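Open the model in your viewer and keep the selection panel at hand. Each stop below says what to select and what is there.

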Amino acid sequence: MSNRSTANSPRKLKATSSRRRVIQAVGVGAAVGLAGCSGSETGDDVDLPEVELYGPDGDRVEPTIYFDQGDNTHQDIASQIQSDLELIGVDLQLEGKTQLIGDHFNSEPLPDENPEDFEYSPGLFNAGPPDRTRTVSDWDMLYGIAANSYPRTPGNTDTFWLKDSGTNAYGYVPEVDMNGLYEEFRNAETEAEQQDALNRIMGALTEELPANFMAESKNFWGFEERINTADDFNLYGFTPSALHRYRDEQTIGGDYVRLTGNQFNEAYLPEQEDNNSSFRTALISDYSYAVDTNDEVFPLFMDVEDAGDGQVFVCTLRDNLEFGTDADGNPYGQMTAEDWVYQIEYIHGLADDAADVWNEELPPGQPQDWADVEHVEQTGTLEFQLELVEPDSLFPLRPILWGEYCYPRALYEQYAPDAQALRQSDEVQEFTWTGNLGAYTFEDRTSGQTGSFTVVRNDDYYMREHTDDSNVRAMDGAWADAPYFDQYQFDTESEQSTRVERFRNLEADRMELPSEHVQEFEETVDEIRVEEEQDPYISFLFFNQRSNGSVLTRDRDGREAIARVVDKETITQKIQRGNADPAVTFQPTWSDWYDESAVNVYGIDVTEDDIAAARDLLRENDNFTLEEV
């Protein structure tokens with residue numbers, strides 16, 4: 001299917017810093033582009049007559065794109081898309097939004113519709129069938145959200161592309177049997193069969209075009225030059241920051257400040273869905289296990305092993321995990337398998353009567369994540385087993401159990417059935433429950449656009465007792481003194497120019513660098529070291545296919561015409577200053593699963609022929625009339 005081919009050169013994979021995430025904002029408060037850089041070189045050199053596009057009602061096609069008004073890069077990208085779409089006669093309307101762009105990524109039933117009559121109504125961002133629903137805001141295209149491509153377990157990308165999946169805010173209804181293709185991928189017995197199924201999935205996505213894949217994410221971090229980072233910091237895999245963050249030498253002492261533009265949002269961990277919150281809470285509580293740069297389980301709280309058939313997995317907890325206390329100072333005691341089984345059954349909803357425990361329609365803890373688990377059973381004080389619906393040898397690498405935190409069962413029972421009281425409890429909001437579970441202990445936080453989140457070194461950190469011997473896995477001796485700072489602080493500074501100036505003045509030890517400042521810090525700020533970090537997110541130009549979407553985005557030919565002329569190279573190499581790479585499929589080029597030959601490639605080396613082909617698509621479609629000006 002490809003109209004361009006390059007060699008496939010897979011690299012090792014890298015994990016996200018803490019919990020897995022489905023979607024995230026692109027460069028919110030972090031990336032500033034080249035103001036005024038719009039208009040592609042291709043468009044400037046086109047020797048074709050100017051055209052205007054009209055819809056079936058005879059009106060000019062004037063769709064609207066939403067983007068983050070507070071991010072100059074996003075505004076420049078939207079302007080570039082506007083310029084590109086002029087080549088096919090589209091008069092794109094730019095609408096920058098001051099509120100979070102993710103607030104517009106949602107849908108709702110039409111006013112005269114009853115959701116109880118819908119074939120499906122999964123909630124989350126997907127309100128139901130596209131002809132009976134609308135996006136909550138009147139956008140036709142939306143830019144500013146990236147999605148996790150799951151380069152270890154690409155079968156998990158189904159959450160974006162099934163008609164009834166909760167993340168399908170844009171109303172895509174596949175023409176192919178997308179669910180069947182994902183089942184084929186998961187049930188394949190060989191890697192070659194998996195690759196074939198995945199290729200057909202990715203091929204269908206670039207054929208039906210529910211969204212336009214725009215760019216592969218990169219993160220650029222500035223570190224104060226004396227701050228150590230692991231040798232494999234830039235690789236796709238877990239590298240324990242508790243060991244690899246120290247100043248000058250691996251000795252205990254001093255403070256560490258991470259400057260950020262993003263606030264802390266969610267203290268209740270089972271519903272924590274933003275990276276900015278999880279980066280903070282990962283300091284005060286480890287989690288189940290991570291996945292290292294070799295795609296192997298790295299035990300933290302537990303190890304997980306296949307019982308032998310790929311369907312039952314045995315989870316073994318470390319023997320010295322101690323919860324903290326309730327708000328009155330009463331200790332919760334040791335973390336045991338009972339706590340995990342209760343959380344999986346009654347918070348993640350595996351038990352049939354889970355919803356009956358709470359005064360809300362669903363248990364307060366993402367039941368949909370655990371749909372592939374059939375049964376959980378405690379088999380010892382520190383051991384429990386998970387039985388899957390179907391065999392899946394890759395289960396430990398899937399974003400279900402890894403990165404999972406655990407609350408004490410007694411904390412849940414203390415507040416049940418009042419789910420909101422649980423979320424707002426002092427135990428949850430002040431993190432009294434964490435005990436020896438994290439490298440640091442919560443000290444305080446201040447809210448707002450110039451707030452902070454401060455933790456101090458935990459003298460009782462459980463991992464130090466597992467360096468010589470362990471019931472799970474003995475750790476490297478460096479863990480014996482971890483962590484190496486007395487205090488760690490997230491310092492929030494929402495104003496980007498102020499944040500950059502403060503970092504330039506060395507008022508912090510780490511900051512994510514805006515695109516326009518990467519070269520400056522690399523070349524002129526001697527006290528700062530810049531590290532480039534890959535991550536698995538692909539940014540999208542989403543197309544609204546619900547009832548309030550433009551005919552251009554609801555019609556498959558219209559979506560292809562857009563994809564053919566939007567110049568991703570100008571966007572990534574000029575506007576984003578080469579700090580992103582064009583995306584052509586829903587796997588990054590460094591993924592072992594990347595196969596460009598399986599997809600239609602759009603937006604790369606855009607030529608006059610591509611523009612002419614896009615115009616022909618529209619001319620031959622009864623929904624459109626293309627007139628020369």
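**Stop 1: α4 and α5.** This is a predicted model. Select α4 and α5 together: their axes come within 8 Å and cross at roughly 155°. That angle is over 145 degrees, which makes α4 roughly antiparallel to α5. The crossing of α4 past α5 is left-handed. Of the residues in this contact, 9 are nonpolar, 1 is polar and 2 are charged.

Show the side chains next. On α4, pick Met178, Leu181, Tyr182, Glu184 and Phe185. Their partners on α5 are Gln194, Ala197, Leu198, Arg200, Ile201, Ala204 and Leu205.

Now keep α4 alone, residues 178-187. Which of its residues are buried? They are Met178, Leu181, Tyr182, Phe185 and Arg186. Look down the axis: these residues cover an arc of only 135°, so they sit on the same side of α4. Bring back the neighbours, and you will find the buried residues packing against α3 (158-161) as well as α5 (191-208).

**Stop 2: α8.** Move to residues 337-346, helix α8. How many of its 10 residues are buried? The count is 8, and the helix is mostly covered. Select Ala337, Asp339, Trp340, Val341, Tyr342, Gln343, Ile344 and Tyr346 to see the buried set.

What do they pack against? Four strands take part: β12 (302-306), β13 (312-317), β14 (373-380) and β15 (383-388). Helix α9 (409-415) is also a packing partner.

**Stop 3: two cis peptide bonds.** From α9, step into the loop that leads to α10 (419-423), where Pro417 is found. The bond from Ala416 to Pro417 is cis, with omega near 10°. Then jump to the loop between β17 (452-457) and β18 (487-492), which holds Pro483. Ala482 and Pro483 are joined by a cis peptide bond too, with omega about -5°. For context, most peptide bonds are trans.

**Stop 4: Leu506.** Select the loop between α12 (496-504) and β19; Leu506 lies there. Check its backbone: phi is near 60°, a positive value in a residue other than glycine. Most residues other than glycine have a negative phi. Is Leu506 buried, partly exposed or exposed? With a relative accessible area of 37%, Leu506 is partly exposed.

**Stop 5: Glu516 and Arg577.** Go on to the loop between β19 (510-512) and α13 (518-523) and pick Glu516. Its relative accessible area is 32%, so Glu516 is partly exposed. Now add Arg577, which is 61 residues away along the chain. Draw a distance between the two C-alpha atoms: they are separated by 7.3 Å.

Arg577 has its place in the loop between α16 (568-575) and β21 (581-582). Its phi is near 55°, again positive in a residue other than glycine. Arg577 is partly exposed, at a relative accessible area of 35%.

**Stop 6: α15 and α17.** Finish with residues 556-565 (α15) and 608-619 (α17). The two helices pack at an angle of about 170°, and their axes are 9 Å apart. They are therefore roughly antiparallel to each other. Their crossing is left-handed.

Select the contact residues. From α15, take Asp557, Gly558, Glu560, Ala561, Arg564 and Val565. From α17, take Asp610, Ile611, Ala613, Ala614, Leu617 and Leu618. Colour them by type: the contact of α15 with α17 has 7 nonpolar residues, 1 polar and 4 charged.

Methods:
Residues are numbered from 1 along each chain as its sequence is written. This is a predicted model: local features need pLDDT of at least 70, side-chain atom pairs count only at pLDDT 80 or more; totals for chains, interfaces and linings use all residues. Side-chain values use heavy atoms; hydrogens and water are left out. Buried means under 20% relative accessible area, exposed over 50%, partly exposed in between (1.4 Å probe, protein chains only). The arc is that of the directions from the helix axis to the C-beta atoms. Contact means heavy atoms within 4.5 Å. Axes are lines fitted to C-alpha atoms, for helices over the stretch in contact, and angles run from 0 to 180 degrees between N-to-C directions. Angles under 35 degrees count as roughly parallel, over 145 as roughly antiparallel, 65 to 115 as roughly perpendicular and the rest as oblique. A crossing is left-handed if the near helix is turned anticlockwise from the far one by less than a right angle, and right-handed if clockwise. Ala, Val, Leu, Ile, Met, Phe, Trp, Tyr, Cys and Pro count as nonpolar, Asp, Glu, Lys and Arg as charged, and the others, Gly among them, as polar.
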